[in-house]
Amino acid sequence: LIERQPVLFAVWHGRMFGLLSGINPDKTAILISASNDGEFITQAVRLVGFRHFIRGSSRHRGMQAVRHIHRAVRQQKLSIVSNVD
């Protein structure tokens, strides 16, 4: 069998929940803003079964988020969901 490779999903905010219904939450981490709004999104996504979150953005905790993304992909073999808008 071919080992599954991690994937980067680049999605628009308004389309995120449609994508999440079609991917494995155990093998996917979601990049979410470190803001208070991001906390709301984290809790909502947790309700549909996701448990891997990377908190950060280009303005807040960005370098920390990049390190966590690298670790999630290389060590845990997780795919990443990121909003691009």
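**Exercise 1. Find the residues that L31 touches beyond its sequence neighbourhood, and place L31 in the fold.**

Step 1. Taking contact as heavy atoms within 4.5 Å, and not counting residues up to four places away in sequence, L31 touches I54, G56, A65, I69, V81 and S82. The model is predicted, so that local features need pLDDT of at least 70 and side-chain atom pairs count only at pLDDT 80 or more, while totals for chains, interfaces and linings use all residues. Residues are numbered from 1 along each chain as its sequence is written, and side-chain values use heavy atoms, with hydrogens and water left out.

Step 2. L31 has its place in strand 2, where strands are DSSP runs of E with at least two residues and helices are runs of H or I with at least four, numbered from the N terminus.

Step 3. From C-alpha to C-alpha, L31 and H68 are 9.6 Å apart in space, although 37 residues apart in sequence.

**Exercise 2. Identify the largest nonpolar core and state how V45 takes part in its surroundings.**

Step 1. A nonpolar core is a set of buried Ala, Val, Leu, Ile, Met, Phe, Trp, Tyr and Cys residues joined through side-chain atoms within 4.5 Å; buried means under 20% relative accessible area, exposed over 50%, and partly exposed in between, with a 1.4 Å probe and protein chains only.

Step 2. The largest such core has 10 residues, namely V11, M16, L20, I23, I30, I32, V45, F50, F53 and V81, and the elements that give two or more residues to this core are helix 1 and strand 2.

Step 3. Leaving aside residues up to four places away in sequence, V45 touches M16, F17, L20, I30, F50 and F53. Apart from the largest core lies another, of seven residues, among them A29, L31, I54 and A65.

**Exercise 3. Determine which residues of helix 2 are buried and which are exposed, and how the buried ones are arranged.**

Step 1. In helix 2, the buried residues are G38, T42 and V45. Seen down the helix axis, the buried residues fall within an arc of 70°, so they line one face of helix 2; the arc is that of the directions from the helix axis to the C-beta atoms.

Step 2. These buried residues of helix 2 pack against helix 1, strand 2 and strand 3, whereas N36, D37, F40 and L47 are exposed on the other side.

Step 3. Just after helix 2, G49 takes a positive phi of about 110°.

**Exercise 4. Locate the salt bridges and describe the setting of each.**

Step 1. The structure holds two salt bridges, each being a side-chain nitrogen of Lys or Arg within 4 Å of a carboxyl oxygen of Asp or Glu.

Step 2. D26 pairs with R51 in a salt bridge, with the closest N and O atoms 3.3 Å apart. The pair links distant parts of the chain, 25 residues apart, with D26 in the loop between helix 1 (16–20) and strand 2 (28–32) and R51 in the loop between helix 2 (36–47) and strand 3 (52–55). D26 counts as partly exposed, because its relative accessibility is 43%.

Step 3. E39 forms a salt bridge with R55, the closest N and O atoms lying 2.7 Å apart; this pair joins distant parts of the chain, with E39 in helix 2 and R55 in strand 3, 16 residues apart. E39 is partly exposed, since its relative accessible area is 35%, while R55, at 18% relative accessibility, counts as buried.
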